[in-house]
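Colleague: I am new to this structure and would be glad of a careful look at a single part, chosen by you. Please begin with whatever term I need, and then set that part within its wider surroundings.

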Amino acid sequence: MIFEPVEIKGSLLKNRVVSAPLASSSSREDGSPSEKSLEIYGRFASSGAALFIVEHHAVNICGRTRPAQFLADSEDTAKKHSVIPDILKSGNALCMAQINHAGAKIADPGVFGMEGYRSLSPSGIPVGDQWEKSGRAPEVMTRREIRQIVDDFVNAAVRMVSIAGYDGIQIHASHGYLLGQFLSPLTNRRDDEYGGTDSRRARLLYEITDGIRQSLKDALLSVRLGAADFLPGDKPLGLSLDETVPVARELVNLGVDMIGISGNLCGYGIDRNDSAYFAPYAQRIKTSVGSSVLVECTGGIKDAFTAEKILRDGVCDLVGIGRLMLRDPGFLAGWKESC
């Protein structure tokens, strides 16, 4: 099944392999691609993957988790990004830009020195290990700031499709970033319409998804959904599948074409050695949404046998490849021989 085509919103993916988003820390100061960025995506383009999802672009300056992160906050920056989809589409593939806001998750304290930077969050709860030494704390977002974030996501999405030339957008709602912070009861303790119940914690994600779909009727739209705050097999903590399965169903109702499954506050399982560690989460969500949307499973998929098995078992429709793509962009040729 790896090399069987599949349709997504009227377009045909030539195989079931997705180049998963990987933060390259390679942007210029203005958030545009550098020569290093072009070298990385040039190598990825030769892999033969059917769909490329390009690492997270902050929707505004406050949405950066590190200074060397792509931005999608202006038309000028979007124009500079057009070189990447040009490279990736050269091999008869589709590509999406992932858009994001880091919220209270800081990967590099250098962001505190950026002009105009403020760390915004649902409830003022820090995420990550950069806060203790900083002597700072994230701010609690007002309703007005939440409404502005919706506009910033929508505007960033429109820029990256209409100006940069991407085929679509992936909304980043995992790995403990802002939308994941709103989804999780560990970081969202609001008592207004954006917190307090499962559905209200998901409201911001719904508003952003709906706004992008209404503004980009024909573009591909995906959400990378943090399915739980804990990794499969670990002690349950915070956000669980019982809460995110209804979220996945509502995202389908709002018109997404693909849901990528990952983790939330637990991150993306970088210390896990097992294969396809998010497969249990992907299977539960795939069972819930059926054939109404494509489900992508990523995380620890390192070989053709594992990829083929989870596809044939109905765990997912697409397999996301991240670190293997970085190490060996030519891996698909070997997979084809083994299949």
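Modeller: A polar contact here is a pair of N or O atoms within 3.5 Å, of which, within protein, one must be able to donate a hydrogen and the other to accept it; residues adjacent in sequence count only if both atoms are side-chain atoms. The model is a predicted one, and the part I have chosen is Ser37, a residue of helix α1, which runs over residues 35-45. The side chain of Ser37 makes such a contact with the backbone nitrogen of Ser34, at 3.0 Å. Ser37 has a relative accessible area of 0% and therefore counts as buried, since that term is used for values under 20%. Once residues up to four places away in sequence are set aside, Ser37 touches Ser26, Ser27 and Phe70. Between the C-alpha atoms of Ser37 and Ser25 there are 8.6 Å, although twelve residues separate the two along the chain.

Another serine makes a useful contrast. Ser162 is found in helix α4, and its relative accessible area is 53%, so Ser162 counts as exposed, a term kept for values over 50%. A polar atom of the Ser162 side chain lies 2.6 Å from the backbone oxygen of Val158. Ser162 and Ala78 are 84 residues apart along the chain, while their C-alpha atoms are separated by 9.0 Å.

A buried polar side chain can also be followed in Gln181, which has its place in helix α5, residues 178-183. Gln181 counts as buried because its relative accessibility is 1%, and its side chain reaches the backbone oxygen of Ala102 at 3.0 Å. Beyond its neighbours within four places in sequence, the residues in contact with Gln181 include Ala102, Gly103, Ala104 and Lys105, as well as Leu120, Ser121 and Pro122, and also Gly176. In the loop between β8 (168-173) and α5 lies His175, which is not a glycine but has a positive phi of about 60 degrees. Most residues other than glycine have a negative phi. The relative accessible area of His175 is 7%, so His175 is buried. Ala276 offers a second case, with a positive phi of about 50 degrees in a residue that is not a glycine. Ala276 sits in the loop between β10 (258-262) and α9 (279-289), and a relative accessibility of 7% is why Ala276 counts as buried.

Helix α5 and helix α9 appear again around helix α8. The 13 residues of α8, 241-253, should span 18 Å at 1.5 Å a residue, and its end C-alpha atoms are 18 Å apart, so the two values agree. The buried residues of α8 are Leu241, Glu243, Thr244, Val245, Val247, Ala248, Leu251 and Val252. Among the elements that cover these buried residues are α5, α6 (198-201), α7 (203-215), β9 (220-226), β10 and α9. Just after α8 comes Gly255, with a positive phi of about 100 degrees.

From these parts one can turn to the nonpolar interior. In soluble globular proteins, nonpolar side chains tend to be buried together. The largest nonpolar core has 91 residues, of which Ile169, Ile171, Leu205, Ile212 and Trp335 touch the most other members. Helix α4, residues 143-162, supplies the largest share of this core, nine residues. Not counting residues up to four places away in sequence, Trp335 touches a set of residues that includes Ile2, Phe3, Val17, Ile301, Ile321 and Leu324. A second, separate core has 13 residues, including Val18, Leu94, Met96 and Leu318.

Finally, the whole chain gives a frame for all these details. The secondary structure of the protein chain comes to twelve helices and twelve strands, and 59% of its 339 residues are buried. A compact globule of 339 residues would have a radius of gyration near 20 Å, and the 18 Å of the protein chain agrees with that. The C-alpha trace spans about 55 × 40 × 40 Å along its principal axes. Of the contacts with a separation of 6 or more, 70% are between residues 24 or more positions apart. The protein chain exposes about 13,300 Å², and carbon and sulfur atoms supply 47% of that area.

Methods
Residues are numbered from 1 along each chain as its sequence is written. This is a predicted model: local features need pLDDT of at least 70, side-chain atom pairs count only at pLDDT 80 or more; totals for chains, interfaces and linings use all residues. Side-chain values use heavy atoms; hydrogens and water are left out. Helices (H or I, at least four residues) and strands (E, at least two) are DSSP runs, numbered from the N terminus. Buried means under 20% relative accessible area, exposed over 50%, partly exposed in between (1.4 Å probe, protein chains only). Contact means heavy atoms within 4.5 Å. A nonpolar core is a set of buried Ala, Val, Leu, Ile, Met, Phe, Trp, Tyr and Cys residues joined through side-chain atoms within 4.5 Å. The radius of gyration is taken over C-alpha atoms; the globule rule is 2.2 Å times the number of residues to the power 0.38. Accessible areas come from the Shrake-Rupley method with a 1.4 Å probe; for residues, only the protein chains shown count as cover. The expected span of a helix is 1.5 Å times one less than its number of residues.
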